[in-house]
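Okay, everyone, can you pull up the structure on your screens? I'd like to walk through it for a few minutes.

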Amino acid sequence: MDHITVRELKGATSGKLICGDDNGSFTGLCTDSRIFEDGDMFVALAGENTDGHDYIEDVIKKGCGVLLVSEENAADRLKKLFEEMNCRAGKTESLDEKRTFSAVLVPDTLVALQAFTGWYLEKIAPGKIAVTGSVGKTSTRDMVYHILSEKYRTGKPIKNYNSDVGIPLTVAGFSGDTEMAVLEQGMEFPGEIHRLAAMTRPDVAIITNIGISHLENLGTRENIYRAKMEITDFFGENNVLIINESNDMLSKEKILKECAGKYNVVSVGKTGVEDYVVSDIADKGVDGVEFTLAAGEKRQRFGVPIPGAHNAINAALAIAACDLYDVTWKQAASGLSKVELTGKRMKVRETGGIKILDDSYNAAPDSVKSAIRTMENSECTRRIAVLGAMNELGDDTPAYHREVGEFAADHGVDILIGIGRKAKDIVEGAKMYGIETLYFEEKEELYPELLKIVETGDLILTKASMTEHFWEIADKITELERE
């Protein structure tokens with residue numbers, strides 16, 4: 001982030017200066033006092049379990065020069081502290097003692113943070129591509145970033161930041177010369193993507209698919225579709241929505257009818273009638289995927305060095321978006337060759353003759369099946385799937401878990417290990433097909449058995465919803481191999 005003055009902060013948030021002066025400045029944002037860095041503005045957010053206003057003295061001691069607060073009692077504390085610091089500064093030559101701070105008071109710090117984020121995006125004025133979807137949005141976002149980076153100075157989200165707070169932290173990492181911004185938009189309830197779209201105002205949006213994640217909160221896939229479509233709420237005639245038309249809930253014809261020509265729609269798919277047609281997909285297992293893409297008179301073979309046949313569609317969505325910014329397909333191919341996914345997504349780890357497919361970040365039936373297909377298409381001696389809970393699937397949760405177990409047994413898994421209460425149904429589904437299964441209530445119960453189970457030449461998948469921390473299992477396997 002470029003230097004932003006307190007005067008600019010006040011204007012962006014309609015805030016009131018309660019101490020310090022307008023000339024103070026900051027170059028980053030912080031909402032967690034434990035990771036405050038020099039130059040950050042501290043935003044005191046009131047959460048369910050903690051309140052940032054309880055830590056304002058801590059960040060000031062660390063040298064924070066600008067604060068955004070919303071509590072009147074915090075404002076009173078800050079005024080008193082400011083007076084004390086000024087008083088001490090008048091009696092000493094110590095530079096540390098002379099350092100003071102500026103604080104801006106707003107009615108709601110989260111609302112103000114989002115208003116500031118929108119203001120900053122307008123100030124630096126990059127092209128903006130936003131990605132959402134039930135699964136695959138982070139992978140697609142990473143592909144868009146790598147393709148755009150072949151031609152533009154491009155900013156992308158930090159880690160998996162795709163929320164009301166995460167997106168502002170991401171945008172704070174964009175320098176003033178950023179030409180393109182890639183933003184991910186996640187949600188759990190209706191209205192969330194609407195708020196994110198209001199803040200970021202994307203020029204182009206991608207919807208990767210409409211699945212069954214969040215059925216527990218939204219009830220039906222139609223409701224999930226409506227929630228994802230909020231990404232277009234601020235679209236006009238110059239905006240473009242790019243969809244995966246291979247998904248049964250995403251139809252170009254339907255969306256064009258619904259939007260009545262308000263914005264443009266581009267389709268990607270495998271049937272041959274889409275604007276961008278994906279064909280001849282070659283799943284190379286843990287070595288990645290290749291596919292042919294055709295659009296108009298253009299036709300080219302692409303490769304992506306990350307596992308999963310589904311990444312052919314994700315890559316095509318990314319290429320379609322970058323086409324709108326005159327990125328050549330040669331540049332797109334170069335960008336895709338450099339893709340590295342964020343977090344614990346389809347990470348191939350090798351140790352002692354064993355390969356671990358660490359896909360532990362999250363899980364839904366489609367993504368688990370895709371990971372299993374990747375194993376099926378990989379060279380190895382045995383395939384071991386360590387699977388856990390898939391959350392937020394609603395009333396049919398047991399059936400979805402049994403279905404995954406049946407799929408695993410039917411697609412080359414030699415040993416299925418279920419961990420946790422919901423995984424009992426995965427194990428039951430696999431047992432019906434007679435493959436070897438193991439079940440543990442807690443992942444810690446698995447650890448003493450690993451050396452008895454794992455053999456040289458194995459390919460091991462670890463996958464469950466993020467709350468299960470299955471990357472710890474992948475870590476434990478590598479640690480055991482080093483003993």
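I'll talk about the empty spaces, then the packing, then a few single residues. One thing before we start: this is a predicted model.

So, spaces. I'm going to take the second largest pocket, which has a volume of about 310 Å³. Which residues sit nearest its centre? Those are L29, C30, D40, I158 and L169, out of 15 residues that line the pocket. If you're looking for a landmark, go to strand β4, residues 28-30, which supplies the largest share of that lining with three residues. As for chemistry, the lining of this second largest pocket splits into seven nonpolar, four polar and four charged residues.

Now the enclosed space. How many cavities of 30 Å³ or more do we get? The count comes to one, and its volume is about 60 Å³. Several stretches of the chain contribute to the wall: S134 and V135, then N209, I210, G211, I212 and S213, then N247, and finally A364, P365 and D366. By class, that cavity lining is five nonpolar, five polar and one charged.

On to packing, and let's begin with helix α16, residues 423-431. Its buried residues are A423, I426, V427, G429 and A430. Why do they end up on the same side of α16? They cover an arc of only 160° around the axis, so they share one side of the helix. The general background is that an α-helix has 3.6 residues a turn, so residues three or four places apart point the same way. And what's lying over the buried residues of α16? The cover includes β19 (382-387), α15 (397-410), β20 (415-419) and β21 (436-440).

Keep α15 in mind for the cores. The largest nonpolar core has 49 residues, and the members that touch the most others are L241, I255, Y263, L387 and L416. The largest share of this core comes from α15, with five residues. Apart from that core there's another one, of 39 residues, with I242, L293, F302 and A332 among them. In general, nonpolar side chains tend to be buried together in soluble globular proteins.

If you want one residue to click on in the largest core, take I255. Leaving out residues up to four places away in sequence, I255 touches Y225, M229, L241, I243, L250, Y263 and V265.

Next, a couple of backbone oddities for those of you who like torsions. D280 isn't a glycine, but its phi is positive, about 50°. You'll find D280 in strand β14, residues 276-283. H469 is another non-glycine with a positive phi, near 55°. H469 is in the loop between β22 (458-463) and α19 (471-482). Is H469 buried, exposed or partly exposed? With a relative accessible area of 34%, H469 is partly exposed.

Last stop is Q114, in helix α5, residues 109-124. Buried or exposed, what would you guess for Q114? Q114 counts as buried because its relative accessibility is 13%, and the cut-off for buried is under 20%. Again skipping residues up to four places away in sequence, Q114 touches D164 and M199. And one distance to finish: Q114 and E392 are 278 residues apart in sequence and 27 Å apart in space, going C-alpha to C-alpha.

That's my tour, thanks.

Key:
Residues are numbered from 1 along each chain as its sequence is written. This is a predicted model: local features need pLDDT of at least 70, side-chain atom pairs count only at pLDDT 80 or more; totals for chains, interfaces and linings use all residues. Side-chain values use heavy atoms; hydrogens and water are left out. On a 1 Å grid over the protein atoms alone, a cavity is a set of points where a 1.4 Å probe fits but cannot get out, and a pocket is an open set with protein on both sides within 12 Å along at least five of seven lines; lining residues have an atom within 4 Å of a point. Grid points are joined across faces, edges and corners, and a volume is the space filled by probe spheres set on the points. Helices (H or I, at least four residues) and strands (E, at least two) are DSSP runs, numbered from the N terminus. Ala, Val, Leu, Ile, Met, Phe, Trp, Tyr, Cys and Pro count as nonpolar, Asp, Glu, Lys and Arg as charged, and the others, Gly among them, as polar. Buried means under 20% relative accessible area, exposed over 50%, partly exposed in between (1.4 Å probe, protein chains only). The arc is that of the directions from the helix axis to the C-beta atoms. Contact means heavy atoms within 4.5 Å. A nonpolar core is a set of buried Ala, Val, Leu, Ile, Met, Phe, Trp, Tyr and Cys residues joined through side-chain atoms within 4.5 Å.
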